[in-house]
2 protein chains.
Amino acid sequence: MAYPTPEAAESAFYAAFEARDLAVMTEVWAPEPGTFCVHPLTTPLAGHTAILAGWRAIFEAAGRFRIAVTVLSERREPGLVIRLVEESLTIGSETGPRPPILATNIYRQRDAGWQLVLHHASPVQSGQTESRPTPHRIVH
Amino acid sequence: MAYPTPEAAESAFYAAFEARDLAVMTEVWAPEPGTFCVHPLTTPLAGHTAILAGWRAIFEAAGRFRIAVTVLSERREPGLVIRLVEESLTIGSETGPRPPILATNIYRQRDAGWQLVLHHASPVQSGQTESRPTPHRIVH
């Protein structure tokens with residue numbers, strides 16, 4: 001299945017994430033080469049089979065998620081939309097959200113509609129701001 | 001300035017990074033809205049001015065870099081190339097590289113050639129693999 005807009009694809013993606021719904025997650029991702037998914041701090045998953053196996057492992061290992069998503073930046077190219085979002089996750093019975101996650105999400109259009117082709121998520125270290133990169137600890 | 005291929009733009013990007021050359025770095029990035037740059041664990045920088053200020057701060061704070069880049073995945077769309085790379089950085093007089101950094105780099109084509117529009121870099125936690133996401137520590 002594909003979605004009528006990139007926004008609809010993104011909504012389906014995060015709804016599937018929240019509901020731990022592997023069937024919807026399978027439909028959100030484009031079934032083609034050149035897709036990849038980076039979960040925070042882990043090595044990349046390339047291709048539909050590996051990406052969905054990763055989501056299955058996450059869904060099996062954790063309780064229900066609640067996710068608030070804020071779009072920070074968006075770039076539209078012909079047939080492609082790139083969004084930088086901030087994800088705020090609350091997991092299971094935790095009472096408040098975890099530190100924010102940044103994600104680059106890319107959706108591409110085909111005749112049938114829009115699907116997800118890239119998700120690169122990474123944590124933001126508390127106290128880090130854009131004006132003070134700290135090369136001694138991380139550097140780039 | 002723009003570059004004849006995405007590979008040439010990427011080479012110029014990492015050469016400027018290694019040489020701490022702000023003039024070349026300024027030319028590598030497309031001077032247009034909708035660009036953004038995420039350095040590992042930091043909040044995003046949006047737009048040419050903020051992105052270059054970030055690189056200036058990094059270049060002023062650290063010694064010379066040596067960077068080895070491995071392309072892990074590539075996706076080509078009309079006028080756009082998306083690459084997932086692994087960066088191995090050695091800084092100043094350090095004797096060996098730091099833990100690897102994953103980066104999503106996106107280059108776009110205009111009449112004049114190719115320039116960088118997105119760089120999202122994040123660390124890989126040692127011991128994390130794609131088959132074992134650890135939701136209790138990071139989730140997603």
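Student: Which residues does Glu10(B) touch, leaving out those up to four places away in sequence?
Tutor: Glu10(B) touches Val71(B), Arg83(B), Val85(B), Asn105(B) and Tyr107(B). Each counts as a contact because heavy atoms lie within 4.5 Å.

Student: What do the numbers and letters rest on, and how was the model obtained?
Tutor: Residues are numbered from 1 along each chain as its sequence is written, and chains are lettered from A and ligands numbered from 1 in the order in which they are written. This is a predicted model, in which local features need pLDDT of at least 70, side-chain atom pairs count only at pLDDT 80 or more, and totals for chains, interfaces and linings use all residues; side-chain values use heavy atoms, with hydrogens and water left out.

Student: Is Glu10(B) buried or exposed, and what makes the label apply?
Tutor: Its relative accessible area is 5%. Buried means under 20%, exposed over 50%, and partly exposed in between (1.4 Å probe, protein chains only). Therefore Glu10(B) is buried. Glu10(B) sits in helix α1 of chain B. A helix here is a DSSP run of H or I with at least four residues, and a strand is a run of E with at least two, both numbered from the N terminus.

Student: How does Arg98(B) fare by that rule?
Tutor: Arg98(B) has 18% relative accessibility, so the residue counts as buried. Arg98(B) is in the loop between β4 and β5 of chain B.

Student: What joins the side chains of Arg98(B) and Glu94(B)?
Tutor: A polar contact of 2.4 Å. The term needs a pair of N or O atoms within 3.5 Å; within protein, one must be able to donate a hydrogen and the other to accept it, and residues adjacent in sequence count only if both atoms are side-chain atoms.

Student: Why is Thr104(A) called buried or exposed?
Tutor: Thr104(A) has 0% relative accessibility, so the residue counts as buried. Thr104(A) lies in strand β5 (residues 101-110) of chain A. Beyond four places in sequence, its contacts include Leu84(A) and His119(A), together with Phe36(B), Leu118(B) and His120(B). With the side chain of His120(B), the side chain of Thr104(A) makes a polar contact at 2.7 Å.

Student: What makes Arg75(A) and Glu32(B) a salt bridge?
Tutor: Their closest N and O atoms are 2.3 Å apart. The rule asks for a side-chain nitrogen of Lys or Arg within 4 Å of a carboxyl oxygen of Asp or Glu, so the pair passes. Across the interface of chain B and chain A the rule finds two salt bridges. There are also 12 residue pairs in polar contact across that interface, both residues at pLDDT 80 or more.

Student: How much area do chain B and chain A bury between them?
Tutor: About 4700 Å², 66% of it on carbon and sulfur atoms. Buried area is the accessible area (1.4 Å probe) that two parts lose on being put together, summed over both. Chain B gives 59 residues to the contact and chain A gives 59.

Student: What makes a group of residues a nonpolar core?
Tutor: Its members are buried Ala, Val, Leu, Ile, Met, Phe, Trp, Tyr and Cys residues joined through side-chain atoms within 4.5 Å. The largest such core has 31 residues, and Phe13(B), Trp29(B) and Phe65(B) are among those with the most contacts inside it. Helix α1(B) gives the largest share of this core, six residues. A second, separate core has 30 residues, including Met25(A) and Ile51(A).
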